[in-house]
Amino acid sequence: MTDLAFLAFAFVTVIAAILAIEARDLVYGAVSLGVSFLGVAGLFILLDASYVAAFQISVYIGAVVVLILFTVMLVGPAKGDGPMEFKKASLFGAVLISLMLGMAGTLATTTAFPGREVCGSGCDLQLLSTTLLVDYGIQLELLALVLAAAVIGALTLAKAEKKE
Amino acid sequence: MAILTSPLFFKIAVFPGLTSLAIIAALVTWLDRKITARVQLRIGPSYVSPVGGILQSFADLIKLAFKELIIPAKADKFFFVAAPVIGMILAGGLVGLIPFSPETQIANLEVGLPVFLAFLTLSPTMVLLAGWSANSKYPFIGGLRSLFQQTAYEIPLWLSAIGVVMMAGTFDLLKIVEAQSTGWFIIPQALGALIFLITITAEMERIPFDLPEAEPEVIMGWQAEYTGFLFLAAQGAGFIKLYVFSALFATIYLGGFLGPAPVPGLVWTLLKTTVIIVLIILLRGSFGRVRIDQLLRAGWTLLLGLAIANIAITYIIIQGIPSI
């Protein structure tokens, strides 16, 4: 039953992700991306992390996809424009991304995260929050700095465009 | 046949699921029209029924369901049909998370409140898609307004709900109700409840925050091109939301099904929900529409600031004043 659900969610995620790239209409592409995120949320639920799934939905679909849609509708190309042509660069990109994903996967599986027990089935949210905010507090703050850097970068870009 | 007699099937099909949802949404529509009419010194619906035109919205429902469905020639047909329907399903599905009484809850999730709010964030997306797909000026403006509005209310909404979670120590809606057996959260969380009420009114697109469908400004906004059944779906979603959000408010702030013993818990929940519905309808009768810039400024400064202050107040209520 779980395997079947996993296969279904994985199928939806992958197919929707491919559609997101290949769709001729960018709005359809953005919505496919949203469906793909829904599939990821389903996978989180199967992993007993429904809390993460709720935030996956609210942040990635409720905010990220909406902003993409917004941008596409306001400034994107007209309906019917074909997708970008296949270039050698995309092949290079695919190799690079596979390498990075492989590295991240290897790191995640081989690193022994010290401190707390692994959050298993019926995960205790309080344990999760103390782990995140107390044991790995500094790492969390550093991750937040990455987001802050992104915001500062976006603001700089927006200001630079205004000057021209 | 065993599935037809199972309690879960009854809950999904009858109460609090589909059948009751349709009937209650129709009754809420009637209540909305009747109360607004009385506030404006009119009579409101009065013909179709034994008492006070109570069957008017059922008559409208039948009328709209049999009307011709017109899809504009240059519309994006898939999203034009899918967006309002998915929007209504999203709004209706949320009723499954509300504990009307310990026995009548369809899905008891450990993280009920975040899941509820997470699915809420999807409905402005559907409004945007609906507005865009009509390929027409006013619907598109309405869709974009819905998005702007979402950026204004979404963060204060989540932050005001955090106060309740801090008090109860859980995300589980059933346990949140049980945690209120010593006192309803509306008293320590008065500020949070006020912000929550304002932000859910904005989420429901009701006056004073009905900018995406403001009739005098953008002629019904994103709903302008809809006819027949799709118009019913677009309108119905609003009234389903009014019912479901009021039930959520009653659950997390007014003690849900808790109440003196002889009256069953279910009745208490519905009673409290009705009070909130009437309050929100009275807001519609009492206030004018705000401008989009006013709403955005209020959302990002006043509501956000107050919501953060509410978290600080809640911390002091729970932990006492921190000694530095």
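**I57(A) and the two domains of chain B**

Trainee: Which helix of chain A holds I57(A)?
Mentor: We're working with a predicted model here. The helix in question covers residues 50-75 of chain A, and I57(A) is found in it. That makes the answer α3.

Trainee: Is I57(A) buried or exposed?
Mentor: Count the other C-beta atoms within 10 Å of I57(A) and you get 25. The cut-off for the buried class is 20 or more. Because I57(A) has 25 such atoms, it's buried.

Trainee: What does I57(A) contact, leaving aside neighbours within four places in sequence?
Mentor: Some partners sit in its own chain, namely A41(A) and G62(A). Others belong to chain B. The full set is A41(A), G62(A), A118(B) and F119(B).

Trainee: How far apart in space are I57(A) and F37(A)?
Mentor: Along the sequence, 20 residues separate I57(A) and F37(A). In space, going C-alpha to C-alpha, the value is 7.1 Å.

Trainee: Over to chain B: what separates the centres of its two domains?
Mentor: Chain B splits into domain 1 (30-66) and domain 2 (72-319). Take the centre of each over C-alpha atoms, and the separation is 24 Å.

Trainee: Which element gives the largest share of the side of domain 1 of chain B that touches domain 2 of chain B?
Mentor: The contact takes nine residues from domain 1 of chain B and ten residues from domain 2 of chain B. On the domain 1 side, α3 (18-39) and α4 (56-65) of chain B are the elements giving two or more residues. The largest share is five residues, and it comes from α3(B).

Key:
Residues are numbered from 1 along each chain as its sequence is written. Chains are lettered from A and ligands numbered from 1 in the order in which they are written. This is a predicted model: local features need pLDDT of at least 70, side-chain atom pairs count only at pLDDT 80 or more; totals for chains, interfaces and linings use all residues. Helices (H or I, at least four residues) and strands (E, at least two) are DSSP runs, numbered from the N terminus. A residue is buried if 20 or more other C-beta atoms lie within 10 Å of its own, exposed if 12 or fewer, and partly exposed in between; C-beta atoms are placed from the backbone. Two residues are in contact if their C-beta atoms, placed from the backbone, lie within 7 Å. Domain bounds come from an automatic or database domain assignment.
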